[in-house]
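Visitor: I am new to this structure and would like a close look at one part of it. Could you take me to the place where the ligand sits and tell me what surrounds it there?

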Amino acid sequence: MERVNYCQGCGATIQTTDKNKPGFVPASALNNDMLICQRCFRLKHYNEVQDVSYTDQDFLDMISQISESSGLIVKVVDIFDFSGSFIKSLHRLTGKNPIILVGNKVDLLPKSTNLNRLKQWMKKTAADLGLVVQDVYLISASNGKGMDEVKKGIEYYRNKQDVYVVGCTNVGKSTFINRLINESIGTKDAITTSYFPGTTLGFIEIPLDQHSSLFDTPGVINRGQMAHYLSESDLKVITPAKEIKPIVHQLQQGQTLFIGGLARFDFIKGEKQPFVCYFANQLSIHRTKLENADALYEKHKGELLSPPSSDNLSLLPEWSTHTLKIEGNKSDIVIPGLGWITLSGVAATVTIHTPKTVAPSKRDAII
Ligand SMILES: Nc1nc2c(ncn2[C@@H]2O[C@H](COP(=O)(O)OP(=O)(O)OP(=O)(O)O)[C@@H](O)[C@H]2O)c(=O)[nH]1
Ligand SMILES: [Mg+2]
């Protein structure tokens, strides 16, 4: 068998000269059966991430090679952060190839979620964003839900050609492929995965048959996601680990909700109504009077109002505000990568404070 010259965990080209660059393997380990770079080794065994020298553009350049190949594109999005993980520019990089859209991490949504309605919503939203897809799937790469359907879909739409699994960083591409590998040949955790964005560094080829392969690819980075401005430990707090339990706050106008120390919702105007909060269960929400909100933040940021913890406050860009009006439709106000608040559609004006690069958006309620 031909020896691969890239790391089987992350896809980086193997080198033996520079410890601080991607793909480093000590020369003595070159003949090991399983070639894993030092960075993957540390991620796997110590959950420590080593920064890499790739720029956002380097990742885009790698993905754009796909436009010169032909095959099926499996575009994975994180259903907990649809807009933040959608990456509109991605279809330019994948050429004219057919696309199926896979919403991952459905295990995080409340069990009562209507998945068929959610699929319709995904299809429509993708079309509104200029993406025509062959089909839409909802899966959990973690627990295996929906895997049979998506496997059938891939087999059908790939038409015997290669398959490229693409998407934003951290949506779960590698976890999804590990599950495919596990279900077909039994190997566990073949590819490196982690909760840090930017784990996969190159293409990883998984043969499907004699003539075609499936490829894991590096994620595209979206700087508009909260994850890029948080320390490791803070990232853990905002990342939901299991089914989200929505928390309802009945608010009057003139009241404020703080989502940890990462976002603030001021209810400026409207009748008393429920604010239904969908955030990681371990993230704390504080309610206060709008008139006290500034002072509360100054006094308690990094402590009561955390994450970010006080040591990491400086990683956050400065704050900016957006005012949104809700009327008529049940709507979600979304903070990319953090979660959302659902309002019933009773007229409401809400001012949202977030770190400047992480702008909120409004959508029709998905649940
Ligand atoms: N709750 C939940 N978490 C998931 C699921 N799939 C992946 N994750 C988690 O999401 C994080 C990112 O997973 P990866 O598979 O490394 O994501 P990726 O898209 O390959 O990321 P990059 O290689 O950085 O582009 C990890 O912490 C996974 O455990 C899922 O179905 N549900
Ligand atoms: Mg990956």
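Guide: Here is a walk around ligand 1 and its pocket, followed by a few other spots worth finding. Please keep in mind that this is a predicted model.

Let us begin with the neighbours. Ligand 1 is surrounded by 22 residues. The closest of them are Asp107, Lys173, Thr175, Gly198 and Thr199. If you sort this shell by class, you get 5 nonpolar, 14 polar and 3 charged residues. You can also ask which helix or strand gives the most to the shell: that is helix H7, which spans residues 173–185 and contributes 3 residues.

Now look at individual atoms. Thr175 has a polar side-chain atom 2.5 Å from an oxygen atom of ligand 1. Thr200 offers another contact, with an N or O atom of its side chain 2.8 Å from an oxygen atom of the ligand. For Lys105, the distance between a polar side-chain atom and an oxygen atom of ligand 1 is 3.1 Å. As for how much of the ligand is covered, ligand 1 on its own has 650 Å² of accessible area, and the protein covers 89% of it.

Step back a little, and you can see the space that holds the ligand. Ligand 1 takes up the second largest pocket. This pocket has a volume of about 820 Å³, and 38 residues line it. Nearest its centre are Lys105, Asn170, Ser194, Tyr195 and Thr239. You have already met Lys105 through its polar side-chain atom 3.1 Å from a ligand oxygen. By class, the pocket lining consists of 13 nonpolar, 19 polar and 6 charged residues. Helix H7 turns up here too: H7 and helix H8 (232–238) each supply at least two residues of the lining.

Away from the ligand, you can look for enclosed spaces. There are 2 cavities of 30 Å³ or more. The largest cavity holds about 50 Å³ of space. Among the residues lining the largest cavity are Lys19, Pro22, Phe24, Arg39 and Asp51. Its lining divides by class into 3 nonpolar, 4 polar and 4 charged residues.

The second largest cavity has a volume of about 40 Å³. Its lining includes Lys245, Cys277, Tyr278, Phe279 and Leu283. Strand E10, made of residues 273–279, gives the most to this lining, with 3 residues. Here the classes are 7 nonpolar, 1 polar and 1 charged.

Before you leave, here are some details of the backbone. Follow the chain to the loop between helix H9 (290–300) and strand E12 (319–326), where Pro307 is found. The peptide bond leading from Ser306 into Pro307 is cis, with omega near 0 degrees. The bond that joins Pro307 to Pro308 is also a cis peptide bond, with omega about 0 degrees. Pro308 lies in the loop between H9 and E12 as well.

One more stop is Asn47, which you will find in the loop between helix H1 (38–46) and helix H2 (56–64). Asn47 is not a glycine, yet its phi is positive, at about 55 degrees.

Notes
Residues numbered from 1 in each chain as written. Chains lettered and ligands numbered in written order. Predicted model: local features only at pLDDT ≥ 70, side-chain atom pairs only at ≥ 80, totals over all residues. Heavy atoms only, no water. Near = heavy atom within 4 Å. Polar contact = N/O pair within 3.5 Å; in protein donor to acceptor, adjacent residues only side chain to side chain. Areas by Shrake-Rupley, 256 points an atom, 1.4 Å probe, with all protein chains shown as cover. 1 Å grid on protein atoms, 1.4 Å probe; cavity = no way out; pocket = protein on both sides within 12 Å on 5 of 7 lines; lining within 4 Å. Sits in = over half its atoms within 2 Å of the grid points. Helix = DSSP H or I, 4+ residues; strand = E, 2+ residues; numbered from the N terminus. Nonpolar A, V, L, I, M, F, W, Y, C, P; charged D, E, K, R; others polar. Points joined across faces, edges and corners; volume = space filled by probe spheres on them.
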